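Please open the model in a viewer and keep the selection tool at hand. The stops below are meant to be followed in sequence.

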Amino acid sequence: MKIFIDDGSTNIKLQWNEGQEIKRAISPNSFKREWAVAFGGDPVYNYTLNGENYSFDPISSDALVTTNVAWQYSDVNVVAVHHALKRTGITPQEVDIVVTLPLAEFYNRDNQPCMENISRKQENLMRPVVLNDGETFTIRNVEVMPESIPAGFSVVKDMDDLDSLLIIDLGGTTLDISHVMARMRGISRIYGDSNLGVSLMTQEVRAAMAVARTKGSSYLADDIIIHRNEDEYLRRRINDLSKLPIVAEALKSSQNRLVNRVIEAISSFEGYSHVMVIGGGTELIASAVKEYCGVRADRFYRSDDPQFDLVNGMHAIGQ
């Protein structure tokens, strides 16, 4: 069985075939370095890898930080992938998986595949994980694809020769930009920033939440970012309502900084006829990117489910 996995730092996105039906799932990353206590009706996921215990915990303020490039080769990355596979409902078995690396990790300075990083990613995910009182998957083979580029497959496959697509992929940790030729005949240029992602907002919002006596996980901060324009939601989440304006200002100012830095990166690209914005940060930047790039409305692509754009493209290419 082959499963396509966009193992982003914030969420793991999966897509696979069951007969003629295409299935997909998403699993958030929020793990702490100790086992959780079993109580109530929900299952508890306690894992062991490399002599360390890990458990899924969406609320703990001690949740491990995954918003850095080291995540790609870490123990918690392996645990997160196995946890996501477990949550699909597929019976644990031998599987082949296809995963991703950010452009800055997949390619070297000469824009050639960096075999050292690709091999490191493969070897990392081949390590077995133990689930307490449960069964895990056996990963038989690991393929690695570059991030962002596969997402444009459905668009570029029907383009005229002189058309091209600029793909802007903003994830939790990284910004990847690729200028792709029609019918994927080649890549004109790539850009990757491993230090620019939605985490720019997450870190500032978590700091503001702490001031408002609401310490929590990055998962909680990201949920607040998603619901940043919903006053009633924010009032439910923040303990000290007198500090709510501080949280609101952190949301606004950090989004503005994020947008400005993405636009600055895009400004070095020219000659594209179409633009696509994908990734978990799409909603935060799409309007500004569309205005800046100035392409026709029918040449600007933003799906209803931008988090799945990459894994959709990986699946389409792989099939």
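Select β4, β6, β5 and β8: in this predicted model, they form an open sheet of four strands in the order β4-β6-β5-β8, and the pairing is antiparallel. The edges are held by β4 (31-32) and β8 (130-131), each of which pairs on one side only. Now restrict the view to β5 (residues 46-49) and β6 (residues 52-56), which are joined by four bridges in the antiparallel sense. Within this pairing, T48 has N53 of β6 as its bridge partner.

Next, add helix α1, which packs on this sheet and touches β4, β5, β6 and β8. The direction of α1 makes about 140° with that of β5. The helix has 13 residues, and from its first C-alpha to its last it reaches 18 Å, close to the 18 Å expected at 1.5 Å a residue. Is α1 enclosed by the rest of the structure or open to the outside? Since 11 of its 13 residues are buried, α1 is largely enclosed by the rest of the structure. To see the buried residues, select D75, V76, N77, V78, V79, A80, V81, H82, H83, A84 and L85. Just after the helix, stop at G89, where phi is positive, at about 90°.

Now display the nonpolar side chains around this region. The largest nonpolar core contains 50 residues, and I3, I5, I12, L14 and I97 have the most contacts inside it. Helix α1 (residues 75-87) gives the most to this core, contributing seven residues. Centre the view on I12. Neighbours within four places in sequence aside, the contacts of I12 include I5, A25, I26 and W71, together with A80, V81 and A84. Of these partners, A80, V81 and A84 are among the buried residues of α1.

Turn next to the aromatic rings. A search of the whole structure yields three aromatic pairs. One of them is formed by Y45 and Y47, which are stacked, with 6.5 Å centre to centre and 10° between the planes. Both Y45 and Y47 are buried. How are the rings of F106 and Y107 arranged? Their centres are 4.9 Å apart and their planes stand at 70°, so this pair is edge-to-face. F106 and Y107 are buried as well.

Move on to the second sheet of the tour. Five strands form an open sheet in the order β12-β11-β10-β13-β14, with mixed pairing. Its edge strands are β12 (187-193) and β14 (300-301), each pairing on one side only. Strand β13 (residues 274-278) pairs with β14 in the parallel sense over two bridges, and V275 has F300 of β14 as its bridge partner. Add helix α9 (residues 282-293), which lies across β10 (164-170), β13 and β14 and runs at about 165° to β13.

Finish at L166, in strand β10. Its relative accessibility is 0%, so L166 counts as buried. Sequence neighbours within four places aside, L166 is in contact with I177, S178, H179, I266, F269, Y272, H274, V275 and M276. For a last distance, select L241 as well: L166 and L241 are 75 residues apart in sequence and 42 Å apart in space, C-alpha to C-alpha.

Key. Residues numbered from 1 in each chain as written. Predicted model: local features only at pLDDT ≥ 70, side-chain atom pairs only at ≥ 80, totals over all residues. Heavy atoms only, no water. Core = buried A, V, L, I, M, F, W, Y, C linked by side-chain atoms within 4.5 Å. Buried < 20%, exposed > 50% of the residue type's maximum accessible area, 1.4 Å probe, protein only. Contact = heavy atoms within 4.5 Å. Pairing = 2+ DSSP bridges. Axes fitted to C-alpha atoms, helices over the stretch in contact; angles between N-to-C directions. Expected span 1.5 Å × (residues − 1). Phe/Tyr/Trp six-rings, centres within 6.5 Å; stacked < 30°, edge-to-face > 60°.
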